[in-house]
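Reader: I'd like to learn how to read a protein model, feature by feature. Could you take me through one?

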Amino acid sequence: MEFDETVAALRTELAACTRASSADDIPWNWVATAMARLLSEHGSGVSRTVLLSELEIQWYQLSMGEVLQIETLRTVAPFFNRSVKPPPATVFGLRIDGMQTISGTGIWLWRVSGAPEPLDAGGTKGSEGFRRKQSADMQVDAFVHQRYYPMIEANEFGGFFGRMRTLLATNLWMADRGGGAGGQPVHTLLPTTMLAFELRIRDDPNLPESLRAHTDEPLLHNVFGVRYAGGRFVRSGDPVFNADQLWCKVEFISEPETKWRNQQLVSYRFIEGVLEHEDPPAMVTINLWGEDVAIARLFKSGYYIGLLCPVVKPRTPGATVVAEYGDLTITFVTCSIRRQSEPAASQFSIAQNESGFLDYRRYAHRVQLCQCRKDMINLTLVARIVAVSDNLPYTDSDGTLDRYAVRIDDGSAVCDMTLWGELGRQAAGMLPGQLVLLFSLDTSEENGDVVLNGSVETGTQIYNISEMTSIPMSSALRSYSFLAALPPAANRYARVCIVAVEPVGEHIRDVRDRLAATALVHTACRRNVLRRDRPQFNGILEGPTDGFDFSCPSCSIDSLPNEDVTPVFAIRARIDDGTASLVVQVTPAAAADILRVSPSQLLELPDRREQQGVLTRPRGREVVVSITTFSEPLSIEREVRIDAVCESGDVGMPSASI
């Protein structure tokens, strides 16, 4: 059974387990990537039941917003889940349903619940709206941070917390504050300043009628001196509230980084925005330091944010405003002003991010190469390797970065891919015909052609399906093919008998190799090395390996440390399954499994006879192999290669629990 067929079957079974309306509710790329990750982590094999169970758990976590922060969670239910707790990075949308002090103290509590989306607040329709409405019924107490006490007590904010007030919050933790009847816990959210109060605008075309009597125009004028008119915020006069304030439209949010500040290395992010109510509009940079960087999770490009009591640095007229989130800063946000025709992204449409790129993270179906266009991100593809280039280093003013070109084919089209840095060095060891899963790629256009791009920094991952030993060992995840019926280009699994093993070492090898059964390679790229003094030399060394200087033309490295050079097996085998007998190539890793020794162990044997015995012992052994058929570039001859192998007696053996 091909990998994509296995993914399709598991996707259908997972939909039944999770009671999804159809398999399309679970994105194909998520199932494929999660399955590949699990199989790569458990080389001894995984039963279908265990694999499906683990996928079900992970899908539940994902649907609760625990693994990927896809959207704001508008329910407090995850805090009461006994097995899976929400991570601090989760963003929650909450509604303040009530407010009181703990008896005999001056400690304020909010009674909060999950806040419906603004579009759902006036009455929801359909099953999704019903789910949101139901989840909002669960309530929990929350300690109010002392930073917000003046808002509760000041006349300027009178009634602010009693008008269906909603907020966005992150860095939330729940604890038992004690004092419950009969010793029962009193679950309460701990105080946080990583929150922003949502403000509503009467002119928002998407605002439900039930909320139009509870909008915040007075507060916007009194605190920030702005009003919403003609699709933008304009100045409404001088603010009444006597404090530093800032109201801006978010244009850009930086990624987290670390910087030195006050002789300490701390987290840092910045937000760039525009004060569109000023004449002329001015730019603003808001610096976030330390724990305050978390508040950036609440915002997106296009949101309006208001800061009360920020630390604003002096500026000259026309210069960029520079502000910092301070110890007294209170945050407000307006994020629901949208065009009525703006579509919502789902698995059945392609989301478009703020930069205009098409985001395929949640797309339901498998994407093929023939569908690729420029400006696509978060692509997951399954394809076969056609060829991998040597290193093509890219140099600019910032330095030199390794770069590898990879050509892939998925049956619908052939496409070139650029892999950078560490990911490129990983790809250098991939062989023609191997089936790989590529996670989190993006596309660009070069000379009119679409090119795929990936790097570790952008989250790209490569899973070599052909080399996974867990699939041959897991009988429920694949089927057998006959050698006589192998297609010209495919990845299959076969149960075969080893007839013979012979050496094919045609490159530099250790002086102790008396059979030409090994070759010396660069550990990073697994490609053959050269002698610096004799680049054309192919044969046995005249002395120990550490007595020579090597280079790696594939990686463009002129001088390799000896510890970066290692021996690998170079053999081929004749196999037979009763329908055909074939001579096949064998990858170094599969060769070690067939011979049951490492290259170093072979080289330690003192004479040729003992080394020959290692190659003789596998004869007659029955094994299950991952077998690849392919044609080398510019060749029409079919090649056959074993990429992974396991003993036939090990198939279906219980695996370690996940």
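Author: We'll go through strands, aromatic pairs, charges over rings, and then the empty spaces. This is a predicted model, where local features need pLDDT of at least 70 and side-chain atom pairs count only at pLDDT 80 or more, while totals for chains, interfaces and linings use all residues. Residues are numbered from 1 along each chain as its sequence is written, and side-chain values use heavy atoms, with hydrogens and water left out.

Reader: Let's begin with strands. Which way do the side chains of β36 point?

Author: The general idea first: in a regular strand, side chains alternate between the two faces of the sheet. Strands here are DSSP runs of E, at least two residues long, and helices are runs of H or I, at least four long, all numbered from the N terminus. Buried means under 20% relative accessible area, exposed over 50%, and partly exposed in between, with a 1.4 Å probe and protein chains only. In β36, Leu582, Val584 and Val586 point to one face and are buried, while Ser581, Val583 and Gln585 point to the other and are not.

Reader: Which strands does β36 run alongside?

Author: Strands of a sheet pair through backbone hydrogen bonds, either parallel or antiparallel. Two strands count as paired if DSSP finds at least two bridges between them. β35 and β36 run antiparallel, joined by five bridges, and Ile575 stands opposite Leu582. The two make a hairpin with four residues between them, and Gly578 in the turn has a positive phi of about 95°. β36 also runs parallel to β38 (residues 638–647), with two bridges; there, Val586 stands opposite Ile642.

Reader: Now for β17: how many of its residues are buried?

Author: Five of the five residues in β17 (residues 330–334) are buried. Both faces are covered, with Ile330, Phe332 and Thr334 on one side and Thr331 and Val333 on the other. As for partners, β7 (residues 195–198) pairs with β17 in the parallel sense over two bridges, and Glu198 is matched with Val333. β14 (residues 304–308) pairs with β17 in the antiparallel sense over five bridges, with Tyr304 matched to Thr334.

Reader: And what does an open sheet look like?

Author: Take the three strands in the order β31-β32-β33, which form an open sheet with antiparallel pairing. β31 (530–531) and β33 (557–560) are the edge strands, each pairing on one side only. β31 and β32 (residues 550–552) share two bridges, and Leu530 has Ser551 as its bridge partner.

Reader: On to rings. How many aromatic pairs are there?

Author: Rings of Phe, Tyr and Trp (its six-membered ring) pair if their centres lie within 6.5 Å; planes under 30 degrees apart count as stacked, over 60 as edge-to-face, and the rest as tilted. The structure holds 24 such pairs. One of them is Tyr228 with Phe233, edge-to-face at 5.1 Å centre to centre and 65° between the planes. Tyr228 is buried because its relative accessible area is 15%, and Phe233 is buried because its own is 0%. Another edge-to-face pair is Tyr394 with Trp420, at 5.8 Å and 90°. This pair links distant parts of the chain, 26 residues apart: Tyr394 in β22 and Trp420 in β25. Tyr394 counts as partly exposed because its relative accessibility is 37%, and so does Trp420, at 22%.

Reader: Where do charges sit over rings?

Author: The test is that NZ of Lys or CZ of Arg is within 6 Å of the ring centre and within 35 degrees of the ring normal. Arg165 lies over the face of Phe160, 3.9 Å from the ring centre. The charged end of Arg531 sits over the ring of Phe537, at 4.7 Å.

Reader: Last topic, the empty space. What lines the second largest cavity?

Author: On a 1 Å grid over the protein atoms alone, a cavity is a set of points where a 1.4 Å probe fits but cannot get out; lining residues have an atom within 4 Å of a point. Grid points are joined across faces, edges and corners, and a volume is the space filled by probe spheres set on the points. There are five cavities of 30 Å³ or more, and the second largest has about 110 Å³ of space. Its lining has 15 residues, with Trp110, Ala142, Leu172, Thr192 and Leu195 nearest the centre.

Terms used. 1 Å grid on protein atoms, 1.4 Å probe; cavity = no way out; pocket = protein on both sides within 12 Å on 5 of 7 lines; lining within 4 Å.
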